Amino acid sequence: LTLCEVQVMVNHEYKPDKSAVEPIEKDQPNLASSAKASASSTMYAGVADLVKDGKVESDFFRGSCFFAGPAQNSNWVKLELAKATKVASVAVYPRLDYFAYEVINGAEVRAGDHLCGAISYEAGKLFYELSCGGTTASEVTISKLGWLSFCEVVVHAA
């Protein structure tokens, strides 16, 4: 890639609203950070605790992403919250490397038994935020058939 000139345009009147703030940066506690993390399996040092380390680094090879290989059943990561809580939303930060589609597309996010939604891969998307509608739950689970890998989870209370 060769660039000869770059021009940056700035809109000084732009005022970001709450939707422009990444979930990890919101002024709400991240319930995942104090949760107990466990996983169905792990590969290449991609342990479950990495999904709650506060780092949204999306390159697996920099050591901040969970990774589980193919399994006969679903792979999963479970976050046991400190107490039953009304869960407003769960945000999942994916890997953004060449393997991203295969390891996140179709992953289901649940608060207790309530399905908050499934992740539909979009190239370059920095995070997926799913509403859990204030469902009371003591655990949050992200699961998927086949490979599963992502870098951070943010859980916000309702």
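Select Lys-144 and show its side chain, which reaches the backbone oxygen of Glu-102 at 3.1 Å. The model is a predicted one, and every stop below refers to it. Lys-144 lies in strand 6. It is buried yet has no salt bridge. The nearest side chain of opposite charge belongs to Glu-102, and it is 6.9 Å away; a salt bridge would need a side-chain nitrogen of Lys or Arg within 4 Å of a carboxyl oxygen of Asp or Glu. So Glu-102 takes part here through its backbone oxygen. Now show the surroundings of Lys-144. Leaving out residues up to four places away in sequence, Lys-144 touches Ser-74, Asn-75, Glu-102, Val-103, Ile-104, Asn-105, Gly-106 and Ala-107.

Next, the nonpolar core. Select Val-90, Ile-142, Phe-150 and Val-155: of the 30 residues in the largest nonpolar core, these touch the most other members. To see which elements supply this core, colour strand 2 (66-68), strand 3 (75-93), strand 4 (108-111), strand 6 (128-144), strand 7 (148-150) and strand 8 (152-157); each gives two or more residues to it. In soluble globular proteins, nonpolar side chains tend to be buried together. Another core, of six residues, lies apart from the largest one, and among its residues are Cys-65, Phe-99, Val-103 and Cys-151.

Stay with Phe-150 for a moment. Which residues does Phe-150 touch, not counting residues up to four places away in sequence? The list is Val-51, Cys-65, Phe-66, Val-77, Val-92, Tyr-93, Pro-94, Arg-95, Ile-104 and Ile-142.

The following stops are aromatic pairs, and the count for the model comes to 10. Select Phe-66 and Phe-150. Their ring centres are 5.7 Å apart and their planes stand at 50 degrees, so the pair is tilted. Phe-66 is in strand 2 and Phe-150 in strand 7, 84 residues apart, and the pair thus links distant parts of the chain. Are these two rings buried or exposed? Phe-66 has a relative accessible area of 0% and is therefore buried. Phe-150 is buried as well, with a relative accessible area of 0%.

Move on to Phe-67 and Trp-147. This aromatic pair is stacked, with 5.6 Å from centre to centre and 15 degrees between the planes. Here too distant parts of the chain are linked: Phe-67 belongs to strand 2, Trp-147 to the loop between strand 6 and strand 7, and 80 residues separate them. Phe-67 is buried, at a relative accessible area of 5%, whereas Trp-147 is partly exposed, at 24%.

Widen the selection to Tyr-44, Phe-60, Phe-61, Phe-67, Tyr-98, Phe-99 and Trp-147, which form one aromatic cluster. Two of its members, Phe-67 and Trp-147, are the stacked pair just visited.

The last stop starts from another member of that cluster, Tyr-44. Tyr-44 lies in the loop between strand 1 (36-39) and strand 2. Its relative accessible area is 60%, and therefore it is exposed. Now look at its backbone: most residues other than glycine have a negative phi. Tyr-44 is not a glycine, but its phi is positive, at about 50 degrees. Select Ala-45, which is also found in the loop between strand 1 and strand 2. Ala-45 has a positive phi too, near 65 degrees, and is likewise a residue other than glycine. With a relative accessible area of 67%, Ala-45 is exposed.

How values were computed. Residues are numbered from 1 along each chain as its sequence is written. This is a predicted model: local features need pLDDT of at least 70, side-chain atom pairs count only at pLDDT 80 or more; totals for chains, interfaces and linings use all residues. Side-chain values use heavy atoms; hydrogens and water are left out. A nonpolar core is a set of buried Ala, Val, Leu, Ile, Met, Phe, Trp, Tyr and Cys residues joined through side-chain atoms within 4.5 Å. Buried means under 20% relative accessible area, exposed over 50%, partly exposed in between (1.4 Å probe, protein chains only). Helices (H or I, at least four residues) and strands (E, at least two) are DSSP runs, numbered from the N terminus. Contact means heavy atoms within 4.5 Å. Lys and Arg count as positive and Asp and Glu as negative; His and the chain ends are not counted. A polar contact is a pair of N or O atoms within 3.5 Å; within protein, one must be able to donate a hydrogen and the other to accept it, and residues adjacent in sequence count only if both atoms are side-chain atoms. Rings of Phe, Tyr and Trp (its six-membered ring) pair if their centres lie within 6.5 Å; planes under 30 degrees apart count as stacked, over 60 as edge-to-face and the rest as tilted.
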